[in-house]
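Q: Could we go through this chain together, beginning with its charged side chains and then turning to the fold and the core?

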Amino acid sequence: MSTRIVVLAGDGVGPEVTSAAVRVLEQVSVRHALNPEFEDALIGGAAYDAAGSPLPDATVAACKASKGILLGAVG
């Protein structure tokens with residue numbers, strides 16, 4: 001059974017930090033027989049540029065449907 005985790009990388013250093021965090025979580029998952037399923041969603045300046053809102057409805061819906069949220073830096 002997989003566990004959905006929404007990754008909100010944000011902007012600035014957020015994408016770099018969350019990318020490294022996902023790699024760590026993937027390695028921990030292998031060792032402990034977990035099965036995470038990562039889903040990217042937009043937040044912050046990147047979301048505003050792409051969708052006209054810093055917190056799009058699609059991001060809120062993805063977060064509500066997930067078991068966890070990994071939040072990066074948001075400027």
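**Salt bridge, fold and core**

A: In this predicted model, the side chains of E39 and R4 meet in a salt bridge, at 3.0 Å from N to O. The pair links distant parts of the chain, with E39 in strand β2 and R4 in strand β1, 35 residues apart.

Q: How many salt bridges does a search of the whole structure find?
A: The search finds one.

Q: Are E39 and R4 buried, partly exposed or exposed?
A: E39 counts as partly exposed because its relative accessibility is 26%, a value between the 20% and 50% cut-offs. R4 is also partly exposed, with a relative accessible area of 32%.

Q: Let us step back to the fold. What pattern does the chain follow along the sequence?
A: The pattern is β-α-β-α-α-β, and the chain has three helices and three strands. Its C-alpha atoms fill a box of roughly 40 × 25 × 15 Å along the principal axes.

Q: What share of the contacts is long-range in sequence, say 24 or more positions apart?
A: Counting contacts with a separation of 6 or more, 75% are between residues 24 or more positions apart.

Q: And the confidence: which element has the lowest mean pLDDT, and which the highest?
A: Helix α2, residues 44–51, has the lowest at 94, and α3 has the highest at 98. For the chain, the mean pLDDT is 94, and 100% of the residues reach 70 or more.

Q: Now the interior. Which residues make up the largest nonpolar core?
A: That core has six residues: V6, L8, A41, I43, A62 and C63. Two elements, β1 (3–8) and α3 (57–64), each supply at least two of its residues. As a general point, nonpolar side chains in soluble globular proteins tend to be buried together. In this chain of 75 residues, 31% are buried.

Q: What does A62 touch, leaving out residues up to four places away in sequence?
A: A62 touches V6 and E39. V6 belongs to the core as well, whereas E39 is the salt-bridge partner of R4.

Q: What about T59: buried or exposed?
A: T59, which is found in helix α3, counts as buried because its relative accessibility is 2%, under the 20% cut-off. Leaving out residues up to four places away in sequence, T59 touches L8, A41 and L42.

Q: Where is A61, and how exposed is A61?
A: A61 is found in helix α3 and is partly exposed, with a relative accessible area of 46%. The C-alpha atoms of A61 and A41 are separated by 9.9 Å, the two residues being 20 apart along the chain.

Q: Moving to the surface, which residues form a nonpolar patch there?
A: V24, V28 and L34 form one, with about 260 Å² of accessible area together. L34 lies in the loop between α1 (14–31) and β2 (36–41). At 52% relative accessibility, L34 counts as exposed, because the cut-off is over 50%.

Q: Which phi value does A33 have?
A: A33 has a positive phi of about 55°, although A33 is not a glycine. A33 lies in the loop between α1 and β2, and it counts as exposed at 71% relative accessibility.

Q: Finally, how much area does the chain expose?
A: The chain exposes about 4900 Å², of which carbon and sulfur atoms supply 58%.

Key: Residues are numbered from 1 along each chain as its sequence is written. This is a predicted model: local features need pLDDT of at least 70, side-chain atom pairs count only at pLDDT 80 or more; totals for chains, interfaces and linings use all residues. Side-chain values use heavy atoms; hydrogens and water are left out. A nonpolar core is a set of buried Ala, Val, Leu, Ile, Met, Phe, Trp, Tyr and Cys residues joined through side-chain atoms within 4.5 Å. Buried means under 20% relative accessible area, exposed over 50%, partly exposed in between (1.4 Å probe, protein chains only). Helices (H or I, at least four residues) and strands (E, at least two) are DSSP runs, numbered from the N terminus. Contact means heavy atoms within 4.5 Å. pLDDT is the predictor's confidence in each residue, from 0 to 100. Patches are made of residues with over 30% relative accessible area and no salt bridge: like charges are joined within 9 Å, nonpolar side chains (Val, Leu, Ile, Met, Phe, Trp, Tyr) within 5 Å. Accessible areas come from the Shrake-Rupley method with a 1.4 Å probe; for residues, only the protein chains shown count as cover. A salt bridge is a side-chain nitrogen of Lys or Arg within 4 Å of a carboxyl oxygen of Asp or Glu.
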